[in-house]
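Thanks for coming. I will go through the sheets of one chain, strand by strand, and then stop.

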Amino acid sequence: MAYLELNNIHKTYGQGEYATEVLSNINLSIEEGEFVAIVGFTGSGKTTLVNLINGLLEPTSGEVLFKGNPVSGTSHERGVIFQNYSLLPWLTVGQNVYMAVKEAFPKKSKKELNELVKEYVDMVSLTHAINKRPKELSGGMRQRVAVARALAMKPEMIIMDEPLGALDALTRGNLQDEILNIWGKDKRTALLITNDVDEGIYMADRIIPLKPGPNATLGPEFKIDIERPRDKTEMNDNENYKQTRNAIIEYLMDIGNDRKSEAKEEFVLPDIAPKDFVYQFK
Amino acid sequence: MKQSITLGRVTKFIGLGFLSTLKDLFTGKLEKEDLTSFLRKVVVPIASILLFLGLWHMGSMSLYNTEAEFKIEKALKDQGPEAAEAMRECIASGDISCQPNTLPSPVQVWDSYKSLLKDHQIINADKAAFAEKTASLNEKRIAEGKAAITYTGRPSFVDQIFRSLKTVFAGFLLALLIAVPLGILIGLSATLKSSFNWFIQIFKPVSPVVWYLLVFMIVKTLLIDSNEDSSFTISFISVGLCSMWATLVNTAMGVSSVDKDYINVAKVLKLGPFQKIFKVVLPSSLPLIFTGLKITLSVAWMVLIAIELLAQSPGLGLFVWEEFQNGANDSNAKIIVAMFVIGIIGFLLDRLMLTIQNWVSFDKTDAI
């Protein structure tokens, strides 16, 4: 039995004639300790998929099984790192993390909780900023706080929804390494949603493309057989990497082109002009 | 990180930034680049105040002349040329008995202001003397279990200002205690929202006068056995009910429009309902709640005058009304003094709320 299983998931927004099916026939299974990346275009329904897995949304049909049990609502077992950080701006870095651990470990004493907060803030090397508010931090620092908040709850699985999407390339690279380091320590199961193929290849064991929505569904999976720890510069020369990367990009380009050719209908603009406009030039 | 407290920071914080510019001018710290901002912040406002005073002065002079001409003409028509000449001389001499009654000039208003202050000092002295005189008697009365004799003379202008402020703060507090909790409940529940909507829409535009009458009907009956003066109770309840709507609507809106990301965080962290309200919903709607409270306070101060006037509750409103009824020579000038005092206090109350708002709420514009 897989650790996380999605069976024939369909998700529809709206009702009746306004219904749009965003996800259709999604099947996915993730083993314990695995790092899986789902790559897709913007607007293909990635966030919907994430919200189905973390329990914020319910599928229209099909089932999400976590350790064999159907998912209903959110759970501390599945930590989420949101795309837009979602830190509470009126709390400091420490308070943001503290709020999470207090909910996750209601039995621990205040002192233990504070130590936990310190440990995780230190892990993302933000100890110097523990008393700052999110608006005083840079984008990368904010996302590190979000990482600390999600991990401090000691979830069994980490779900990341384009966590590095809004960051510049340099910060992005650093944070990728940091997340991999943390993940490597206790090998929690991880699901990464991203629109960056390179990021997926660098970080994940398996990449699964999501065909663009509506009616988005998962494509064939690509295994990444590159040994960890991976090195970005070395990877560029790795034959395996080149092949996988080309295959994935080719696949994504192909489905992109299919989409375009599907939109065959041409619209002819009616030959009209405002009255005044016509008179003026006569 | 502690920031040092400087005059500049403090004045900027309470929304009176021009004060620090003024200070820089006198201490010679003003840089050349600041010259335009100095012009804009200090010179232009002062110039506009002088212009206002000048226009006011000219306007009141012109009205004064019209009124004087009319008086002389009337004397000429009714009593003949000698009476007209006498009236002209009387007006020119500045005799109180025949001064034209019209819009007072800035100088007259300033004089009235000084006379009101002097009056306040006299009444204060009077009070002190009264307290001294009755001190031993009151001690005896209290020892015998009787009520002490209190000063019942007429209140001074300054006393009335404080009385008005008391009424406004009582009304504001009432509005706060009703509107904020109710607004939170309405904002949280769609059912409550639709059941309260008609209520809010109908009662929001009701005029202060009608609110006063409504409160009067109810309070009069409730306090039917009491011999005490209920004018204060009636006026502060009316002020509160009149002004609470802005806070109610803003609170409900703030609570119901919390950023979806924050709600998702609350869900993912599995916060309980109370935790969710106090840790996520309320902090995030504080800016809107405070905007509502600021409007409420300024509305409260605005309707106070009308309500005090109706309720015959001592305060600035009653002062204005009594001066108008009084019709003495300097009554008009005193009314204008009251007008400025009301305006300036209203401005200061607004700054007070702004200061508190800056204190408690985070800046929503660049929050992520």
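Let me begin with a pair of strands. Strand E1, residues 4–13 of chain A, pairs with E2(A) in the antiparallel sense, over seven bridges. Within that pairing, Ile9(A) sits opposite Ile26(A) of E2(A). I should say now that this is a predicted model.

Which sheet do these two belong to? An open one of four strands in chain A, ordered E2-E1-E4-E5, with antiparallel pairing. The edges are strand E2 (20–30) and strand E5 (69–70) of chain A; each has a single partner strand, so one side of each is left without a neighbour in the sheet.

Now the other sheet. Six strands of chain A form an open sheet, in the order E6-E7-E8-E3-E9-E10, and here the pairing is mixed. At its edges stand strand E6 (78–81) and strand E10 (222–223) of chain A, again each with a single partner strand, so each has one side without a neighbour in the sheet. As a reminder, strands of a sheet pair through backbone hydrogen bonds, either parallel or antiparallel.

The antiparallel sense turns up at the E10 end: two bridges join strand E9, residues 206–210 of chain A, to E10(A), and these strands run antiparallel. Ile207(A) has Phe222(A) in E10(A) as its bridge partner.

For the parallel sense, look at E8(A). On one side, E3(A) and E8(A) pair in parallel over five bridges, with Phe35(A) opposite Ala190(A) of E8(A). E7(A) also pairs with E8(A) in the parallel sense, over five bridges, and there Asp161(A) has Ile193(A) in E8(A) as its bridge partner. How does the chain get from E7(A) to E8(A)? It crosses through helix H5, residues 169–186 of chain A, and this β-α-β crossover is right-handed.

Is E8(A) covered or open? Mostly covered: six of its six residues are buried. In a regular strand the side chains alternate between the two faces of the sheet. In E8(A) both faces are covered, with Thr189(A), Leu191(A) and Ile193(A) buried on one side, and Ala190(A), Leu192(A) and Thr194(A) buried on the other.

One more helix to place. Helix H1, residues 46–54 of chain A, lies across five strands of chain A: strand E3 (35–40), E6, strand E7 (157–161), strand E8 (189–194) and E9. Relative to E7(A), helix H1 of chain A runs at about 155°.

That is what I have for today.

Terms used
Residues are numbered from 1 along each chain as its sequence is written. Chains are lettered from A and ligands numbered from 1 in the order in which they are written. This is a predicted model: local features need pLDDT of at least 70, side-chain atom pairs count only at pLDDT 80 or more; totals for chains, interfaces and linings use all residues. Two strands pair if DSSP finds at least two bridges between them. Two residues are in contact if their C-beta atoms, placed from the backbone, lie within 7 Å. Axes are lines fitted to C-alpha atoms, for helices over the stretch in contact, and angles run from 0 to 180 degrees between N-to-C directions. A residue is buried if 20 or more other C-beta atoms lie within 10 Å of its own, exposed if 12 or fewer, and partly exposed in between; C-beta atoms are placed from the backbone. A crossover is right-handed if, with the strands pointing away from the viewer, the path from the first strand over the helix to the second runs clockwise.
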